[in-house]
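Trainee: Before we argue about labels, can you put the model up so that we can look at it together?
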Amino acid sequence: MFITFEGGEGSGKTTQVRLLEERLRGLGYRVVVTREPGGTPLGERLRALLLDVNTQVEPRAELLLYAADRAQHVAAVVRPALAAGVIVISDRYADSALAYQGYGRGLDLAALRHIMAFATDGLQPDLTFFLDLDPQQGLARCAQAGKADRFEAQALAFHQRVREGYFALIAAEPERWARIDADQPLAVVQGAVFAVVEERLRLLQR
Ligand code: TMP
């Protein structure tokens, strides 16, 4: 099972990924947790470049760097783990490119879908969580944490387009997505995430 987490800045994805991992491990499942950008040695180098506020990069170049990260990640980490029967949980995946480079930067969505299909060799998640939070609140959380990477430094309007983009992606493929209100206590979000995963696992085991 391939599970991905999506959301805006400060939505708490990374914490929820870790909590889900612990819960599934506790139940005896084998789990690999990974992330994009990152997840491989090459990916971690690309991540440092992509998130550095000093990196000057044009939207198409930015997209292709994310695509290169994803191609490496899928081939070296995600597919081998899935083939070994492990549950893979990725903190972001191709939907991030559609939301950020497509809806956020305004790159052509049809072209983007082709590039994503090439980069992933067609691998789609079985289940995708969208941890939904008003961007204003999410950016305030990041500011509080004292970090601002290249995306967190973008204008609020950019993050609002990204969120609208996620809404459009969910509407187009509702059966793959689970939208969770991230403006709730951590444990409530965790409970909501786990309820969805439990249900999917039950269906798979039938
Ligand atoms: P995060 O690890 O805090 O989610 O940071 C990753 C940043 O990279 C986030 O701001 C979203 C951005 N991103 C894209 O713009 N396109 C992509 O394809 C991915 C995976 C991430």
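Mentor: What follows is a run through the labels on this predicted model, each checked against its cut-off.

Trainee: Let's begin with R92. What makes R92 count as buried?

Mentor: R92 has 11% relative accessibility, and buried means under 20%, so R92 counts as buried. The residue sits in the loop between strand 3 (87-91) and helix 4. Leaving out residues up to four places away in sequence, R92 touches F5, E6, G7, G8, E9, K13, E36, Y100 and Y166.

Trainee: Which backbone oxygen lies 2.9 Å from a polar atom of the R92 side chain?

Mentor: That of G7. R92 also has a phi near 80°, a positive value in a residue other than glycine.

Trainee: Where else does phi turn positive in a residue other than glycine?

Mentor: At D121, with phi near 55°. D121 is in the loop between helix 5 and strand 4.

Trainee: And why is D121 called exposed?

Mentor: Its relative accessibility is 62%. Exposed means over 50%, so D121 counts as exposed.

Trainee: Over to the ligand. Which residues come nearest to it?

Mentor: Of the 14 residues around the ligand, R47, Y66, R70, R92 and Q101 come nearest.

Trainee: How do you know that the R92 side chain makes a polar contact with the ligand?

Mentor: An N or O atom in the R92 side chain is 2.5 Å from an oxygen atom of the ligand. The cut-off for such a pair is within 3.5 Å, so the R92 pair qualifies. Q101 has a side-chain N or O atom 2.8 Å from a nitrogen atom of the ligand. For E9, a polar side-chain atom lies 2.9 Å from an oxygen atom of the ligand.

Trainee: E36 was among the residues that R92 touches. Why is E36 called buried?

Mentor: E36 has a relative accessible area of 3%, and the limit is under 20%, so the label holds. E36 is in the loop between strand 2 (31-35) and helix 2. The E36 side chain makes a polar contact with the side chain of H73, at 2.8 Å. Not counting residues up to four places away in sequence, E36 touches R47, D69, R70, H73, S90, D91, R92, Y93 and A94.

Trainee: What is the omega of the peptide bond from E36 to P37?

Mentor: Omega is near -10°, and that peptide bond is cis. P37 is found in the loop between strand 2 and helix 2.

Trainee: Now the rings. What makes Y100 and F151 an edge-to-face pair?

Mentor: In general, a pair of aromatic rings is described by the distance of the centres and the angle of the planes. The ring centres of Y100 and F151 are 5.6 Å apart and the planes are at 90°. A pair needs centres within 6.5 Å, and edge-to-face needs planes over 60 degrees apart, so this pair is edge-to-face. The pair links distant parts of the chain, with Y100 in helix 4 and F151 in the loop between helix 6 (135-144) and helix 7, 51 residues apart. Y100 is buried at 5% relative accessible area, and F151 is buried at 4%.

Trainee: Why is the pair of F130 and W177 called edge-to-face?

Mentor: Their ring centres are 6.5 Å apart and their planes at 80°, so the pair is edge-to-face. F130 lies in strand 4 (residues 127-132) and W177 in strand 5 (residues 177-181), so the pair ties together parts that are 47 residues apart in sequence. F130 has 2% relative accessibility and counts as buried, as does W177 at 6%.

Trainee: Which residues form an aromatic cluster with Y100?

Mentor: Y66, F151 and F158.

Trainee: What makes R23 a charge over the ring of F194?

Mentor: R23 lies over the face of F194, at 3.9 Å from the ring centre, and the distance limit is within 6 Å. The charged end of R70 sits over the ring of Y93, 6.0 Å from its centre.

Trainee: Last one: which residues have the most contacts inside the largest nonpolar core?

Mentor: Y100, L112, M116 and Y166, in a core of 31 residues. Helix 3 gives the most to this core, with six residues. Apart from it lies another core, of 21 residues, including V17 and V193.

Methods:
Residues are numbered from 1 along each chain as its sequence is written. This is a predicted model: local features need pLDDT of at least 70, side-chain atom pairs count only at pLDDT 80 or more; totals for chains, interfaces and linings use all residues. Side-chain values use heavy atoms; hydrogens and water are left out. A nonpolar core is a set of buried Ala, Val, Leu, Ile, Met, Phe, Trp, Tyr and Cys residues joined through side-chain atoms within 4.5 Å. Buried means under 20% relative accessible area, exposed over 50%, partly exposed in between (1.4 Å probe, protein chains only). Helices (H or I, at least four residues) and strands (E, at least two) are DSSP runs, numbered from the N terminus. Rings of Phe, Tyr and Trp (its six-membered ring) pair if their centres lie within 6.5 Å; planes under 30 degrees apart count as stacked, over 60 as edge-to-face and the rest as tilted. A charge sits over a ring if NZ of Lys or CZ of Arg is within 6 Å of the ring centre and within 35 degrees of the ring normal. A residue is near a molecule or strand if one of its heavy atoms lies within 4 Å of it. A polar contact is a pair of N or O atoms within 3.5 Å; within protein, one must be able to donate a hydrogen and the other to accept it, and residues adjacent in sequence count only if both atoms are side-chain atoms. Contact means heavy atoms within 4.5 Å.
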